[in-house]
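Please open the model in your viewer and keep the selection panel at hand. The tour below goes from one selection to the next and says what is found at each stop.

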Amino acid sequence: MASDAFRFPSLQETLNHPAYPGAKWNLIPDSQGKASVAKDRSGPIDISWQIHGHGPIKIVLIMGLAAGMNAWQRQTCYFGHQHADRYTMLLLDNRGVGASDKPLSRYTTTEMAADVLEVLDQIGWTAPRSLNVVGLSLGGMIAQELACAQPGRVQSLSLLNTTAALESDRPVLETLCDRLALLRPKSVERVIHDNAVRLFPQAWLARPDEAACVPSPHATYRCGPAPPRARARTSAVTNPGEMLLRPNDSGVDLSPTSTEAMAEAMEKSLHLNGDDDDSGEYRRFGSNYQRYQAEEATKHMPPNVFSLQGLLCQLAAVVGHRKSASQLRDMADRVGRDRILVVHGAHDRMIGAVNGEKLIRMIKPAVGLIIDGMGHAPIMERTEWFNELLETRLAACVQMGSD
């Protein structure tokens, strides 16, 4: 019935929601820094990175278009905090997003993979068969390039909702209109809504918030408290629906809840504003859409991780990505097909399922899955299932040793 149709909450409603201050989980890294890379290529470029956990299994997470490392927070919490003794995770902001530099230049997935490899070299992750590389969307394209360049360092390779070369299963005109829509000025509220309906099935967006493994500052390893509501209200914009996308390339942390402040608060068992009436616990939103809306809203408020210039440069890398069947077969031979996982959503509206099907035919991985009913972001839409799948694959690949 029409009365049962899901009503998308306004951005202002979400900014005022009790859960909003904790939309971005304060998962305090074990170490962090910036690596200066590409000095002899297109740089130098500073790439921001974090390490979570201290276990023997090393995971490298590479995010997709215009998304920062915080988009992995469900996996960061599970692998790098709840199971910190088993896993060590490297998160990074690709060039063009977050706290990394956002130069105006020609981005390619080959260059972006070289950025990741230089970060790995600088933090000392250089051993053979030691890297469990996970890439989503654009991140999966970068992961392909990394595996082609250094197959001997890869312990496992997980390619999520990505492609060897972007193809559309929709009419050319419709695809072109979608691409041009990215350049049209829109309010932040409209951008978030439009992205959500492309990324996720509407049935999932309408369901009650089901974010897995919501952390607790009292029980989760190295988890700071959620900022108190009073502070969040003062940072809300007056007219969020009218706020337009604008570049912010400073990369400066302007928030009052920086990592250092949170670490100090956690050590002293204090809340950041000294208010003992607030437990600092993380709350749930009214729907999956509202949680996604809140997480995306944090990209457009201090400290901004979004840059229109960075988006366009990264988009050029997506369009220009090309790996031939022979290149991917050679990579799979050298990495080992038993070490490769390819997953794609049958209902992916960003990168159609035809791309995942073709990638599976090219690589012939040990595990190739086209999941019915799933959209573009299994790390959010099917968090528990994905975390369990990845954990199972990691265990199997560790058992293979370095052969």
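Buried is used here for a relative accessible area under 20%, exposed for one over 50%, and partly exposed for anything in between, with a 1.4 Å probe and protein chains only. This is a predicted model, in which local features need pLDDT of at least 70 and side-chain atom pairs count only at pLDDT 80 or more, while totals for chains, interfaces and linings use all residues. Residues are numbered from 1 along each chain as its sequence is written, and side-chain values use heavy atoms, with hydrogens and water left out.

Select Asp115 to begin, which at 3% relative accessibility counts as buried. Its side chain meets that of Arg41 in a salt bridge (2.9 Å, N to O), the term standing for a side-chain nitrogen of Lys or Arg within 4 Å of a carboxyl oxygen of Asp or Glu. The two partners are 74 residues apart, with Arg41 in the loop between S1 and strand S2 (45-53) and Asp115 in helix H3 (residues 109-123); helices (H or I, at least four residues) and strands (E, at least two) are DSSP runs, numbered from the N terminus. Arg41 itself is partly exposed, at 28% relative accessibility.

Add Glu111 and Arg95 next, whose side chains form a salt bridge at 3.7 Å, N to O. Glu111 belongs to helix H3, whereas Arg95 sits in the loop between strand S4 (87-92) and H3, 16 residues away in sequence. Arg95 is buried, at 1% relative accessibility.

For another pair, select Arg337 and Asp333, which meet in a salt bridge of 2.4 Å, N to O. Here Arg337 is partly exposed at 24%, and Asp333 is exposed at 52%. Returning to the earlier stops, salt bridges that share partners join Arg41, Arg95, Glu111, Asp115 and Glu118 into one network. In total, the structure holds 19 salt bridges.

Now move to Tyr20, in the loop between helix H1 (11-15) and strand S1 (31-37). Tyr20 is buried, with a relative accessible area of 8%, and its C-alpha lies 6.3 Å from that of Ala294, although the two are 274 residues apart in sequence.

Which cysteine sulfur is closest to that of Cys223? Select Cys77: the sulfurs are 6.8 Å apart, too far for a bond. Cys223 is buried at 0%, as Cys397 is, also at 0%. A search of the whole structure finds zero disulfides, meaning pairs of cysteine sulfur atoms within 2.5 Å.
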